[in-house]
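Hello,

Please find the structure below, followed by notes on what turned up in it. Use whatever is relevant to your own calculations.

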Amino acid sequence: MPNTKPIYDTICLIGLGLIGSSIGHAVKRGGLAKHISGYARSEETRQIAKKIGFVDSIHDSAASAAQGADLIIICAPVGAMESITKEIAPVLKAGATMTDVGSVKQAVIAAIEPHLPDNVNFVPAHPIAGSEKSGPESGFAELFQDRWCILTPVESASIESVELLEKFWKALGSSVEVMSAKHHDSVLAITSHLPHLIAYSIVSTASDLEDVTQSEVIKFSAGGFRDFTRIAASDPTMWRDVFLTNKEAVLEMLGRFSEDLSALQRSIRWSDGDALFDLFTRSKETRNNIIEAGQDTDAPDFGRGHISEKE
Ligand code: NAP
């Protein structure tokens, strides 16, 4: 059940897109703060946020939004976090907790930590929840329900600040795990970053083909391709920043993936059906484990019942 008591007096959201707006909705639903202040880069986003009402006050600078806040959550692309931190650092309240939702953690720590005053607790976070949609209208309160949120606190953060942020994410509906930033970046390189890279790549390959028309690619996409297109429709700015900032771990996983792909290529070339069958059987087990862990449903057609319902 969602918590119904404020965990922080004032929460400041910097960046009001999918993740920022979803946090705003969930905080309001659970009454987790007395006040939510918000800032986004464009006037358009600020106006939409104001109209939807997932923040209580909207500000035209990050510093004005962050002033006096007990929890500051940066929900902007990773590449923007350093300049945002430099701007807000002078106005941060003593004892406040600074966090973020960035999809990589070592680079975020390198960008933020050097600029923070000593009396601010820094507890980086990454909710493993999201979608290919972006912007202030795409958020919803249930986004974090039954998902994981990883915390990678820096050494200087107080235990109390880590525990309070853990309580906050649990109140948003998530389970919480604490790990090192380095380990986070390796885990996410294989579970999220590499799959996005493969999706971007396969969609690009399909659009460059000469002997299969674009209309055929779209018409027959239910054969598997459309599932890659959903992932490849993710925000280009966010994903550019992910690959630029988690280079090392992504290149390591990409190396392993390339080797495995070459082995598959060899199995096909030499008609090694046993090798193919064994690998596909192991993959099916992984899918079953994900369903058993409650991270997806076993509804047919990847849960797209709505398509046949419409027909
Ligand atoms: P989004 O929907 O595109 O929203 C990004 C927000 O950041 C927008 O409000 C944008 O403002 C604002 N912004 C961009 N540059 C800024 C700057 N320099 N200063 C202040 N605000 C700025 O993106 P999102 O999906 O919410 O992603 C936000 C963060 O969450 C990223 O760090 C991403 O790695 C992380 N994340 C994303 C997912 C996912 O699936 N999408 C999942 C987990 C974590 P304007 O609207 O005015 O441009």
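**Notes on the model**

Serine 158 sits in the loop that runs between strand 8 (148–151) and helix 6 (159–171). Bear in mind that the model is predicted. With a relative accessibility of 22%, serine 158 counts as partly exposed. Its C-alpha is 8.7 Å from that of phenylalanine 122, and the two residues are 36 apart in sequence.

**Ligand site**

The shell around the ligand has 28 residues, and the closest are Arg41, Ser42, Thr45, Ala76 and Ser103. Helix 1 (18–30), helix 4 (81–88) and strand 7 (125–128) each contribute at least two residues to that shell.

Three contacts to oxygen atoms of the ligand can be listed:

- Leucine 16: a polar backbone atom is 2.8 Å from an oxygen atom of the ligand.
- Leucine 18: a backbone N or O atom is 2.8 Å from an oxygen atom of the ligand.
- Serine 42: a polar side-chain atom is 2.7 Å from an oxygen atom of the ligand.

The ligand taken alone exposes 900 Å², and the protein buries 87% of that area.

**Salt bridges**

There are 11 salt bridges in the structure. Three of them are described here, starting with one inside a helix.

Glutamate 43 pairs with arginine 46, with 3.0 Å between the closest N and O atoms. Both residues belong to helix 2 (residues 43–52), where they are three residues apart, or about one turn of the helix. The two partners fall into separate accessibility classes: glutamate 43 is partly exposed because its relative accessibility is 43%, while arginine 46, at 10%, counts as buried.

Lysine 93 and aspartate 70 form a salt bridge through their side chains, at 2.7 Å from N to O. This pair links distant parts of the chain, 23 residues apart: lysine 93 is in the loop between helix 4 and strand 5 (97–100), and aspartate 70 is in the loop between helix 3 (62–66) and strand 4 (71–74). Lysine 93 has 36% relative accessibility and so counts as partly exposed. Aspartate 70 has a relative accessible area of 17%, so aspartate 70 is buried.

The side chains of arginine 230 and glutamate 132 also meet in a salt bridge, at 3.2 Å from N to O. Arginine 230 is in helix 9 (residues 225–232) and glutamate 132 is in the loop between strand 7 and strand 8, so this salt bridge ties together parts that are 98 residues apart in sequence. Arginine 230 is partly exposed, at 40% relative accessibility, and glutamate 132 is partly exposed as well, at 22%.

**A buried charge without a partner**

Which side chain of opposite charge is nearest to aspartate 185, and how far away is it? The nearest one is lysine 105, at 7.1 Å. A salt bridge requires the nitrogen and the carboxyl oxygen to be within 4 Å, and aspartate 185 has no salt bridge although it is buried.

Aspartate 185 is part of helix 7 (residues 181–208). Apart from neighbours within four places in sequence, aspartate 185 is in contact with Val104, Lys105, Gln106, Asn246 and Ala249. Lysine 105 therefore appears twice for this residue: as a contact under the 4.5 Å heavy-atom cut-off, and as the nearest opposite charge, 7.1 Å away.

Regards

How values were computed
Residues are numbered from 1 along each chain as its sequence is written. This is a predicted model: local features need pLDDT of at least 70, side-chain atom pairs count only at pLDDT 80 or more; totals for chains, interfaces and linings use all residues. Side-chain values use heavy atoms; hydrogens and water are left out. Helices (H or I, at least four residues) and strands (E, at least two) are DSSP runs, numbered from the N terminus. Buried means under 20% relative accessible area, exposed over 50%, partly exposed in between (1.4 Å probe, protein chains only). Lys and Arg count as positive and Asp and Glu as negative; His and the chain ends are not counted. A residue is near a molecule or strand if one of its heavy atoms lies within 4 Å of it. A polar contact is a pair of N or O atoms within 3.5 Å; within protein, one must be able to donate a hydrogen and the other to accept it, and residues adjacent in sequence count only if both atoms are side-chain atoms. Accessible areas come from the Shrake-Rupley method with a 1.4 Å probe; for residues, only the protein chains shown count as cover.
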